[in-house]
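The following paragraphs walk through a few positions and one helix pair. Please keep the sequence and the coordinates at hand while reading.

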Amino acid sequence: MSAAFLVAVVAYALGVAVVCAFTALRGRRRHPLILPALLVIEFCVLVQAVLDLVHLAGGPRPAALAVHIGYLAASVVILPLAVGSVRLDEGRWATAAVGIGCVIVAVVSLRLHQTLDPAGSGARR
């Protein structure tokens, strides 16, 4: 998995989380552009998952393969679960929940990259 792509996914997810937090703190309804932004994040996470699966198929396996696959599965389902749980609610707390989902995606993406190290040493690539 490319480190530059990882940085882009994490930065974008955290940026959307900041927008959600700002919107929620101001007590406003969810902005109509948040849903397309979430779709972009989910698309990036799916691309990240495909790249990771290709790497697993052709490269060295991580030391904790089950943990890595768990992070991979979680990264794909977090945003759909967050958005699905507040689908009909556009209020303040629904926007905050979506923002928290974005933060979780960022953290899980980072952990996914960390568990990819086959030796488990945490060394950077």
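Cys102 has a relative accessible area of 0%, so Cys102 counts as buried. The model is a predicted one, and every value given here is computed from it. Cys20 is a second cysteine to look at: its relative accessibility is also 0%, and Cys20 is therefore buried.

How many disulfides are there? The count is 0. For Cys20, the nearest cysteine sulfur belongs to Cys102 and is 5.2 Å away, and Cys20 takes part in no disulfide. Seen from the other side, Cys102 has the sulfur of Cys20 as its nearest cysteine sulfur, again at 5.2 Å, and is in no disulfide either. The cut-off for a disulfide is a pair of cysteine sulfur atoms within 2.5 Å, so a separation of 5.2 Å does not qualify. In general, a disulfide is a covalent bond that joins the sulfur atoms of two cysteines.

Cys102 also appears in the packing of two helices. Helix α2 covers residues 34-58 and helix α4 covers residues 92-115; their axes come within 12 Å and cross at roughly 20°. Angles under 35 degrees count as roughly parallel, and α2 and α4 are therefore roughly parallel to each other. Their crossing is left-handed. On the α2 side, the residues that meet α4 are Ile34, Leu38, Ile41, Val45, Gln48 and Asp52. On the α4 side, the residues that meet α2 are Thr95, Val98, Cys102, Val105, Ser109 and Leu112.

Two residues of that interface, Ile34 from α2 and Thr95 from α4, lead on to Thr23, which is in contact with both of them. Thr23 sits in helix α1, residues 3-25. Leaving aside neighbours within four places in sequence, the contacts of Thr23 also include Arg28, Arg29 and Arg30. Is Thr23 buried or exposed? Its relative accessibility is 11%, so Thr23 counts as buried. A polar atom of the Thr23 side chain lies 2.8 Å from the backbone oxygen of Val19.

Leu38, another α2 residue that takes part in the meeting with α4, leads to Val83. Val83 belongs to helix α3, residues 65-85. Not counting residues up to four places away in sequence, Val83 touches Leu35 and Leu38. With a relative accessible area of 19%, Val83 is classed as buried, because the cut-off is under 20%. Gly99 is 16 residues from Val83 along the chain, and the C-alpha atoms of the two are separated by 9.9 Å.

Notes:
Residues are numbered from 1 along each chain as its sequence is written. This is a predicted model: local features need pLDDT of at least 70, side-chain atom pairs count only at pLDDT 80 or more; totals for chains, interfaces and linings use all residues. Side-chain values use heavy atoms; hydrogens and water are left out. Helices (H or I, at least four residues) and strands (E, at least two) are DSSP runs, numbered from the N terminus. Buried means under 20% relative accessible area, exposed over 50%, partly exposed in between (1.4 Å probe, protein chains only). A polar contact is a pair of N or O atoms within 3.5 Å; within protein, one must be able to donate a hydrogen and the other to accept it, and residues adjacent in sequence count only if both atoms are side-chain atoms. Contact means heavy atoms within 4.5 Å. Axes are lines fitted to C-alpha atoms, for helices over the stretch in contact, and angles run from 0 to 180 degrees between N-to-C directions. Angles under 35 degrees count as roughly parallel, over 145 as roughly antiparallel, 65 to 115 as roughly perpendicular and the rest as oblique. A crossing is left-handed if the near helix is turned anticlockwise from the far one by less than a right angle, and right-handed if clockwise.
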